[in-house]
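The following exercises train the reading of a protein structure step by step. Please attempt each task before turning to its solution.

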Amino acid sequence: MNADRSGAPALRATGVVKRYGDRTAVDGLDLELETGTILALLGPNGAGKTTTVEMCEGFLAPDAGRVEVLGLDPVTDNDALRRRIGVMLQGGGAYPGARAEEMLRLCAAYSADPIDPAWLLDAMGLTDCARTSFRRLSGGQQQRLSLACAIVGRPDLVFLDEPTAGLDAHARIMVWELIDRLRDDGVSVLLTTHLMDEAEELADQVVIIDNGRVVASGTPKDLTRRGAENELRFSAPRGLDMAMLGLALPEEYRCCETTPGAYLVRGPVTPQILATVTAWCAQIDVLATDLRVETRSLSDVFLDLTGRALRS
Ligand SMILES: Nc1ncnc2c1ncn2[C@@H]1O[C@H](COP(=O)(O)OP(=O)(O)OP(=O)(O)O)[C@@H](O)[C@H]1O
């Protein structure tokens, strides 16, 4: 797969706006996907993910702003772009009546150097249903076939829309491994997902959008660390003097005994803070047990930012 290694981003959207009547679906959005990396676009229902992706794929023209994909304008250079991107077909795309193998071969025919369809069917665990029509496949099989269709042409960039929705745990891991392999091959991936663990597991960069705007972006680690009210909990004999521990810690940290013998230190937990707490316990000859650091998950961050659960 001949991805651009010049350092130019695989995809860049700048100040993009899309309106439907008086409803602004995308409202001045900026996005940048580095070549050979995975970007996860997250947002509650109606946040503007599909509209954004469809503008990047060239299915919709923005009302304002600029989108560049592999250095091309997705609308005016659509023919050239189509040969270099992979898109997951929903509902079988143009061929819902075609058999699985036939459908994959049709998609492969658009590429000068496709992956061998028979090999890909096997890799996706679909050999046994190669002769089944798309509409008769199970939801999970359809999902895997759609993914196979998106990558069979060895694209430089793939758009994956909830690639593991409805898959069982085994199939999900298989798809995650495949997406990882795409990145290893230098393919850029724009992923939309409702699954926080999927974003955390796969994405180099996460962009959370709401009401058509970016509300946060960064690596999954950055996002869960940023502004995190992390907690350190431990057990020790009841009645320790938390005011004394407070003096040993920087001013912004709060500590208390939540129930007799259970202690909580609130604030970003760094290696130094952990060392300070254990050193203080050692100083007063107390053994802290059940020490654990509770960090925020991407899901917590998402909820804080959007005020909504994923499937609202
Ligand atoms: N064709 C359309 N005509 C009118 N309004 C639309 C159209 N498509 C989307 N919208 C509206 O634009 C906003 C963004 O929709 P979009 O489908 O991009 O969100 P999304 O983040 O993909 O949501 P979901 O997670 O539910 O798929 C929503 O308010 C939606 O109702």
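**Exercise 1: The overall layout**

The protein is divided into domain 1 (11-223) and domain 2 (231-294), where the bounds come from an automatic or database domain assignment. The model is a predicted one: local features need pLDDT of at least 70, side-chain atom pairs count only at pLDDT 80 or more, and totals for chains, interfaces and linings use all residues. Residues are numbered from 1 along each chain as its sequence is written.

Task. State how many Å separate the centres of domain 1 and domain 2, and what share of the residues of the protein counts as buried.

Solution.
- Step 1. Taken over C-alpha atoms, the centres of the two domains are 46 Å apart.
- Step 2. The C-alpha trace of the protein spans about 75 × 45 × 40 Å along its principal axes.
- Step 3. A residue is buried if 20 or more other C-beta atoms lie within 10 Å of its own, exposed if 12 or fewer, and partly exposed in between, with C-beta atoms placed from the backbone. By this rule, 36% of the 312 residues count as buried.
- Step 4. The protein has 11 helices and 13 strands; helices (H or I, at least four residues) and strands (E, at least two) are DSSP runs, numbered from the N terminus.

**Exercise 2: The shell around the ligand**

Task. Determine which element gives the largest share of the shell around the ligand.

Solution.
- Step 1. List the shell: Y20, R23, A25, G43, N45, G46, A47, G48, K49, T50 and T51 are the residues around the ligand. A residue is near a molecule if its C-beta atom, placed from the backbone, lies within 6 Å of it.
- Step 2. Assign elements: strand 2 (23-33) and helix 1 (49-57) are those that give two or more residues to this shell.
- Step 3. Choose between them: helix 1 provides the largest share, 3 residues.
- Step 4. Sort by type: the shell divides into 3 nonpolar, 6 polar and 2 charged residues. Here Ala, Val, Leu, Ile, Met, Phe, Trp, Tyr, Cys and Pro count as nonpolar, Asp, Glu, Lys and Arg as charged, and the others, Gly among them, as polar.

**Exercise 3: Two helices**

Task. Explain why helix 1 is described as largely enclosed, and identify which residues of helix 3 (residues 100-108) are buried.

Solution.
- Step 1. In helix 1, 7 of the 9 residues are buried, so this helix is largely enclosed by the rest of the structure.
- Step 2. The buried residues of helix 1 are K49, T51, T52, V53, M55, C56 and E57.
- Step 3. After helix 1 comes G58, which has a positive phi near 90 degrees.
- Step 4. Helix 3 has A100, M103, L104 and C107 buried. These residues lie on the same side of helix 3, because they cover an arc of only 95 degrees around the axis; the arc is that of the directions from the helix axis to the C-beta atoms.
- Step 5. Recall the general rule: an α-helix has 3.6 residues a turn, so residues three or four places apart point the same way.
- Step 6. The cover over the buried residues of helix 3 includes helix 4 (117-123) and helix 5 (139-151).

**Exercise 4: Strands and their partners**

Task. State in which sense strand 8 pairs with strand 3 (residues 38-42), parallel or antiparallel.

Solution.
- Step 1. Two strands pair if DSSP finds at least two bridges between them.
- Step 2. Strand 3 and strand 8 pair in the parallel sense over 4 bridges, and L39 has Q205 in strand 8 as its bridge partner.
- Step 3. Strand 8 and strand 9 (residues 213-218) run antiparallel, joined by 5 bridges; I209 has V214 in strand 9 as its bridge partner.
- Step 4. The hairpin of strand 8 and strand 9 has 2 residues between the strands, and N211 takes a positive phi near 50 degrees there.
- Step 5. Strand 8 (residues 205-210) is largely enclosed by the rest of the structure, because 5 of its 6 residues are buried.
- Step 6. Turn to another pair: strand 1 (residues 11-20) and strand 2 are antiparallel, with 8 bridges. In this pair, V17 stands opposite D27 in strand 2.

**Exercise 5: One residue of strand 10**

Task. Decide whether R233 is buried, partly exposed or exposed.

Solution.
- Step 1. R233 lies in strand 10 (residues 231-235).
- Step 2. R233 has 16 other C-beta atoms within 10 Å, so this residue is partly exposed.
- Step 3. Leaving aside neighbours within four places in sequence, R233 is in contact (C-beta atoms, placed from the backbone, within 7 Å) with Y263, L264, R292 and E294.

Key. Two residues are in contact if their C-beta atoms, placed from the backbone, lie within 7 Å.
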